[in-house]
Amino acid sequence: MPLPLLSLLLVVFSLTTGEFVIAGILPDVAGDLAVSVPAAGRLVTAYALGMIVGGPVVTALTARLPRKPLIAGLITVSILGNLGSAAAPDYPVLLAARFVAGLVVATFFAVAIATAVSMAEPGREASTIAKVALGLNLGIVLGTPIGTLIGQDLGWRATFASVAAITAVALPMVLRLVPARPGATGSVLGELRVFSGRDVRLAIVLTALGNVGVVTVFTYIAPLLTKLAGFGSGAVPVLLLVYGAGAVIGNFAGGRLSDRALMPSLIWLLTALAAALALFWAVSDVRALAAVLTFALGLLAFAIIPGMQARVLTSAGAAPTLAVAVNASGFQVAAAVAGWLGGALIAGPGLRAIFPAAALLTVAGLAVAVHIHRHDTRPAPAKV
């Protein structure tokens with residue numbers, strides 16, 4: 001992997017670890033700050049809100065800045081947010097620090113992806129995106145469990161300090177290795193006009209609908225595996241590693257498939273994802289099949305990501321960074337909806353209903369993908 005991409009991957013790894021590791025240290029945070037576990041869970045919401053707000057706002061306000069100083073500034077804010085989390089004296093300060101840490105994440109992802117694509121060979125954009133997105137896979141597969149172990153041995157504050165340290169190590173690498181790129185030359189309003197385009201709006205809708213189903217399953221994967229499939233709680237970390245292994249493979253496979261045929265590959269991958277979710281519902285009480293399908297869900301969930309990002313980039317034209325940042329915010333909205341939806345299903349028809357609901361939502365995303373592909377391949381109207 002080229003060193004500039006490796007430096008961006010390292011930052012993505014640290015940011016992803018900082019986002020997901022809170023799940024592993026939540027009880028420790030709650031106990032130390034004398035708040036309830038649901039209250040501590042709002043720290044996840046604060047981070048997600050930072051991403052949702054920061055995606056469009058921070059990206060639009062910084063659109064004209066040169067890329068390298070902007071990346072350095074975004075990384076610095078992330079470091080300060082995580083250091084503030086480690087040093088927070090009470091719950092309100094920690095809540096604010098998590099919001100600040102999340103505020104720059106969507107913009108960084110967008111700038112990193114746009115920078116990586118600018119270095120890619122023609123026709124290799126999606127697979128280049130997959131190389132940067134590998135940091136997201138590794139943050140979930142390695143960063144989260146390692147950060148949890150650090151928190152259990154040294155205290156939850158050490159976890160956030162470690163995330164800040166990894167990000168700080170990556171900063172000089174980015175400054176040295178990533179090539180300089182100018183910022184946007186137009187106005188902020190000009191950047192915002194990208195969303196007047198139908199293709200961009202449909203690409204963002206595709207990301208939200210295509211992901212919300214499988215994200216709902218992942219959010220409740222522990223009770224799905226223990227209460228339905230009958231695994232013991234000790235098997236859940238192992239099965240999460242299985243999911244993560246599938247995610248790493250799917251990330252690269254999806255990038256290669258999208259380079260060859262972007263929308264057709266997304267259509268087939270979404271079809272396979274919907275089928276896997278429906279099959280999981282049918283055989284969720286068979287342990288061996290549940291384990292295999294956990295791997296399959298990880299593979300398919302991450303195989304669709306490079307293509308969806310590439311679709312946004314190709315649709316955005318002159319303002320790709322802002323479009324990708326809003327796309328990242330849209331994914332966080334999908335994650336927030338997933339948490340609510342799963343809870344409502346559990347309280348209503350029951351835990352098992354998550355699978356068919358997720359499959360139907362994925363089919364809705366598939367319908368959007370088919371609509372986009374038909375529009376792309378529609379013959380141009382004859383000139384009179």
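I begin with a cut-off that the entries on single residues rely on: buried means under 20% relative accessible area, and exposed means over 50%. I also note at the outset that this is a predicted model.

**Entry 1: Thr207**

I looked up Thr207, and found it in helix α10. Its relative accessible area is 4%, and because this falls under 20%, I enter Thr207 as buried. I then asked which residues Thr207 is in contact with once its neighbours within four places in sequence are left aside. They are Met308, Asn327 and Phe331. I also took the C-alpha separation between Thr207 and Val248, which are 41 residues apart along the chain, and it came to 19 Å.

**Entry 2: further along α10**

I stayed with α10, which covers residues 198-219, and went on to Val214, which is found in this helix. Val214 is buried, at a relative accessible area of 3%. Leaving aside neighbours within four places in sequence, I listed Tyr243, Leu273, Leu297 and Ala301 as the residues in contact with Val214. For Val214 and Phe355 I noted a sequence separation of 141 residues, set against a C-alpha to C-alpha distance of 8.7 Å.

Val215, also found in helix α10, has a relative accessible area of 15%, so with the cut-off at 20% I count Val215 as buried. With neighbours within four places in sequence again left aside, Val215 is in contact with Phe331, Ala335 and Ala338. The C-alpha atoms of Val215 and Ala301 are separated by 8.3 Å, although the two residues are 86 apart along the chain.

Thr216 lies in helix α10 as well, and I asked whether Thr216 is buried or exposed. Thr216 is buried, with a relative accessible area of 2%. Its contacts, apart from neighbours within four places in sequence, are with Ala338, Leu341, Gly342 and Ile354. Putting two of these lists side by side, I see that Ala338 is in contact with Val215 and also with Thr216; in the same way, Phe331 appears in the list for Thr207 and in the list for Val215.

**Entry 3: α1 and Ser14**

I next checked helix α1, residues 3-20, by its length: at 1.5 Å a residue its 18 residues should span 26 Å, and the end C-alpha atoms are 26 Å apart, which agrees. Since 14 of the 18 residues of α1 are buried, I describe this helix as largely enclosed by the rest of the structure.

Within α1 I picked out Ser14, which counts as buried at 1% relative accessibility. Not counting residues up to four places away in sequence, Ser14 touches Val163, Ile166 and Thr167. For Ser14 and Thr314, which are 300 residues apart in sequence, I noted a C-alpha to C-alpha distance of 27 Å.

**Entry 4: α6**

I repeated the length check on helix α6, residues 105-118, where the 14 residues should span 20 Å at 1.5 Å a residue, and the 20 Å between the end C-alpha atoms agrees with this. How many residues of α6 are buried? The count is 12 of its 14 residues, so that α6 is mostly covered. Among the buried residues of α6 I noted Val105, Phe108, Phe109, Val111 and Ile113.

**Entry 5: Ala34**

I turned to a loop position, Ala34, which has its place between α2 (22-33) and α3 (37-61). Most residues other than glycine have a negative phi. Ala34, which is not a glycine, has a positive phi of about 60 degrees. I record Ala34 as exposed because its relative accessible area is 69%, which is over 50%.

**Entry 6: the chain as a whole**

I closed with the chain, in which there are 16 helices and 0 strands. A compact globule of 384 residues would have a radius of gyration near 21 Å, and the 20 Å of the chain agrees with that. The C-alpha atoms fill a box of roughly 70 × 45 × 35 Å along the principal axes. Buried residues make up 51% of the 384 residues, and, of the contacts between residues at least 6 apart in sequence, 85% join residues at least 24 apart.

For the surface I noted an exposed area of about 15800 Å², of which carbon and sulfur atoms supply 72%. I also noted 22 positive and 12 negative side chains, with the centres of the two sets 8 Å apart.

Note on methods: Residues numbered from 1 in each chain as written. Predicted model: local features only at pLDDT ≥ 70, side-chain atom pairs only at ≥ 80, totals over all residues. Heavy atoms only, no water. Helix = DSSP H or I, 4+ residues; strand = E, 2+ residues; numbered from the N terminus. Expected span 1.5 Å × (residues − 1). Buried < 20%, exposed > 50% of the residue type's maximum accessible area, 1.4 Å probe, protein only. Rg over C-alpha atoms; globule rule 2.2 N^0.38 Å. Contact = heavy atoms within 4.5 Å. Areas by Shrake-Rupley, 256 points an atom, 1.4 Å probe, with all protein chains shown as cover. Lys, Arg positive; Asp, Glu negative; His and termini not counted. Charge placed at Lys NZ, Arg CZ, Asp CG, Glu CD.
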